[in-house]
Amino acid sequence: MSVILVFLLVIAGFAGWWLSHQRLMTKPWLEQGAAGDFVPFDRSGLPTAKIGLGVFLAVVGCLFALFTSAYFMRMALSDWQPLPMPRLLWLNTGMLVLSSVALQCASVAARKRQMDTVRLGLAAAGLTAIAFLVGQLMAWRDLTADGYFLASNPANSFFYLITGMHGLHIVGGLVGLGRTTAGAWNGARPERLRLSVELCAMYWHFLLFVWLAIFALLAGWAATFIDICRQLLT
Amino acid sequence: MVDVTPADAVPPAEVAEMELYHPHSWWTKYVFSQDAKVIAIQYSGTATAIGLVALVLSWLMRLQLGFPGTFDFITPEAYYQFITMHGMIMVIYLLTALFLGGFGNYLIPLMVGARDMVFPYVNMLSYWIYLLAVLVLVSSFFAPGGPTGAGWTLYPPQAIMTGTPGGQEWGIILMLVSLILFIIGFTMGGLNYVVTVLQARTRGMTMMRLPLTVWGIFTATVMALLAFPALFVACVMMLLDRALGTSFFMPAVVEMGEQLQHNGGSPILFQHLFWFFGHPEVYIVALPAFGIVSDLISTHARKNIFGYRMMVWAIVGIGALSFVVWAHHMYVSGMHPYFGFFFATTTLIIAIPTAIKVYNWVLTLWRGDIHLTIPMLFAMAFIVTFVNGGLTGLFLGNVVVDVPLSDTMFVVAHFHMVMGVAPILVIFGAIYHWYPKVTGRMLNETLGRFHFWVTFLGAYLIFFPMHYIGLMGVPRRYAEMTDVTVMTESAHHLNSFISIMAFIVGFAQIVFLFNLIWSIRHGREAGGNPWRATTLEWQTPQTPPAHGNFGKELPIVYRWAYDYSVPGAKEDFIPQNMPGTFGPSREPA
């Protein structure tokens, strides 16, 4: 459970930082204001939707941290047999990176109000994300063709479970991306569009990060890395 | 959305008509409503309805325990199904949904001075997914083989094996699917509660001026958002074990001479995941109760809350600590003694902020102008009950005491006191307190006092003897305990007594429900602020608050939520939105 505890420590760090800006040491019982004279206070200047997405991403991060924790705990048992990583995953990783880059371009373009670039970026991001999903399904098919079935070994089970869960989050993101893309073509208000594009980009970068982390986990590098750290510490 | 500068982040006092969602038909106004107040009532109604099912299940259990062998229709299998569904419904579908979905939705926007939740559409979805989760849960009663009988903790391997009711039938699958849906729905609602508190507070409402109710619900929601994923992970993995034959949790099992396809899985892994959710869940239910009870006590004792800052810090501290105590539910799972030592230590440390809260409640009452209204009665009953349940928690938090008491009725008595009866008492108090705001009418006083005394005394008469039965060594989860040496004759009599009390207390709840319905029409007119309270929900122009909560202009907050009996003030309460300086030694902010 150490992975999830480290994750929660990071969240606690954020929460602590935020709380430290909430004047926790004030004595509210002494405060009273005359009419029209109210205490100004820090509220994030970020749009509410971005904060909402940020909180949601913390929940998603928590979910994958828990899967990782479970992965490490189950891995320690004797019947674990690592499965080979299909080479295709590298191509898929490339696709997801491209998708993220395309959305970043779209987001920059939206700030400059270059609508054509926004549309291009959104379409490219959507297509590469779909290519990623198709690639993941093909990787699954290759593995099953080679006899690595879901239930035959816990390493396989975790591989399908975690990649599947990540894929579902991409599918959910595609719904949002689809709505944004439709808006870009149907002439949504530029400010609104910019926010939507930025939200999509944020979500995509996060899922790319999650993918890189779980790729490292499933390929076994994460375990090696942790072993090295452990040796350095002891 | 225009370029947002920090100045824009403070909402303008007047909100243009078009910014607020307006329902166009009866359906969008009362059924598929995006108004947090309607959603709150939908959540509360659904939670109460499913809670009644759980109440009936507890009666059936008590029939069996109190009068074993008398009722043929309660087979051991049926008994297991009753305990499982009773526990799951009460903890998740009733308490969590009612505190966060019900009170959270109703009170957060009103108390922070917002027109609605920040994402009303997502908020509506949250309720409908919750309803779907409840329906899936109910459907398991009608599925072949009936609902799961795995115990509310759903421990594998037994949860998905043939011997357990529903284990190889539909019961466990429907249970897991229902929980997964609940978590998805809750996450949608939870995002709203958190972001509304972060972003939609009205002008002047700093975090340190929030009523403690909002602090409690806010912190509990943050915890729930981080804890429910653990249950989600556990449910998904168990669903795969059950449906597709994986071995996340399932060890190699020989069942009726037949080797199952599972191999090498770890039931302990499930326990870790389950309790990583399960322990924070106790505080997810308790923190809103702590917050609400602080407001009830302060309002009905006409005195400011003692140690507001400490109360806030304690809420946050309890929330953080509750994530590092989960394995105290697993002392008997064969863990390393040093782990047991660690978790016993963290468990006992939690007692410190909790004790601070209890002292502060008592010190708020000290020399207050105590009005023994029904909300106040429930609030004081809560303090007593919570202390009682908390003290047995100190027993069970220590490994050496827990090991012999583990899986006895003592544990059942402990957690019913501390996270069953205590939060339910707060829920009742809160309903008596806020019902006038929701409906514009008071609940009937006589029926209310009857309800209080029967519930409070009855709950003690049920759960206090249960501690003794547990100390005698009577285990929990047994459908029948006849002809066993630990069950002496007196223990049998005690069990029958407990059962009779359970029926009486249950009957009082029916009276309460009748009161809720009857008073909508026939209750005394309440007016806008019957308790003369300071917080913003009592200052709305209409009662019940109209769509958009505060009329044309949002309130501005000039003070904290607890200005009661301020010397020099004309009345004994000063609403949060009243400007001006009162009292001798206070400087303007």
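**Figure 1. A partly exposed arginine in a loop of chain B.** With 16 C-beta neighbours inside 10 Å, B:R302 counts as partly exposed, since a residue is called buried only from 20 such neighbours upward and exposed at 12 or fewer. In this predicted model, B:R302 sits in the loop between α8 and α9 of chain B. Although B:R302 is not a glycine, its phi is positive, at about 50 degrees.

**Figure 2. The loop between α5 and α6 of chain B.** This loop, which lies between α5 (120-142) and α6 (171-199) of chain B, holds B:P157, and B:L154 is found in the loop between α5 and α6 as well. B:L154 is not a glycine, yet its phi is positive, at about 55 degrees. Is B:L154 buried or exposed? B:L154 has 24 other C-beta atoms within 10 Å and is therefore buried. Further along the loop, the peptide bond that leads from B:P156 to B:P157 is cis, and its omega is near 0 degrees.

**Figure 3. A cis peptide bond after α15 of chain B.** The bond from B:T543 to B:P544 is cis, with an omega near -5 degrees. B:P544 belongs to the segment that comes after α15 (489-522) of chain B.

**Figure 4. Helix α10 of chain B and the helices packed against it.** Helix α10 of chain B covers residues 337-365, which makes 29 residues, and from its first C-alpha to its last it reaches 43 Å, close to the 42 Å expected at 1.5 Å a residue. Among its buried residues are B:G340, B:F343, B:A344, B:T347 and B:I350, and the list also includes B:K357, B:N360, B:W361 and B:T364. An α-helix has 3.6 residues a turn, so residues three or four places apart point the same way. The buried residues of α10(B) pack against four helices of chain B, namely α8 (267-300), α9 (308-321), α11 (374-397) and α12 (399-405). The helix is followed by B:R367, whose phi is positive, near 60 degrees.

**Figure 5. B:F378 in the largest nonpolar core.** The largest nonpolar core has 250 residues, and the two that touch the most other members are B:V233 and B:F378. Which residues is B:F378 in contact with, leaving aside its neighbours within four places in sequence? They are B:L425, B:V426, B:F428, B:G429, B:Y432 and B:F452. In soluble globular proteins, nonpolar side chains tend to be buried together.

**Figure 6. The side of chain A that touches chain B.** In the contact between the two chains, 48 residues of chain A meet 60 residues of chain B. On the chain A side, the elements that give two or more residues are α1 (2-20), α2 (48-75), α5 (154-185) and α6 (190-219), and α2(A) gives the most, with 13 residues. By residue type, this side of chain A divides into 31 nonpolar, 10 polar and 7 charged residues. For the model as a whole, the scores are ipTM 0.95 and pTM 0.94.

**Figure 7. Chain A, a chain of helices.** The secondary structure of chain A comes to 7 helices and 0 strands. With a radius of gyration of 22 Å, well over the 17 Å that the globule rule gives for 234 residues, chain A is more spread out than a compact globule. Its C-alpha atoms fill a box of roughly 75 × 50 × 30 Å along the principal axes, and buried residues make up 36% of the 234 residues.

**Figure 8. Chain B and the start of its sequence.** Chain B has 15 helices and 2 strands. Its radius of gyration is 24 Å, which agrees with the value near 25 Å that a compact globule of 589 residues would have, and buried residues make up 57% of the chain. The C-alpha atoms of chain B fill a box of roughly 80 × 55 × 50 Å along the principal axes. The mean pLDDT of chain B is 91, and 95% of its residues reach 70 or more. Over residues 1-10 of chain B, however, pLDDT stays under 50, and the model has 15 contacts beyond four places in sequence for them. Residues 14-18 of chain B also stay under 50, with 4 such contacts. Where pLDDT is low, the predicted coordinates should not be read in detail.

Note on methods. Residues are numbered from 1 along each chain as its sequence is written. Chains are lettered from A and ligands numbered from 1 in the order in which they are written. Two residues are in contact if their C-beta atoms, placed from the backbone, lie within 7 Å. Ala, Val, Leu, Ile, Met, Phe, Trp, Tyr, Cys and Pro count as nonpolar, Asp, Glu, Lys and Arg as charged, and the others, Gly among them, as polar. pLDDT is the predictor's confidence in each residue, from 0 to 100. A nonpolar core is a set of buried Ala, Val, Leu, Ile, Met, Phe, Trp, Tyr and Cys residues joined through C-beta atoms within 7 Å. The radius of gyration is taken over C-alpha atoms; the globule rule is 2.2 Å times the number of residues to the power 0.38. The expected span of a helix is 1.5 Å times one less than its number of residues.
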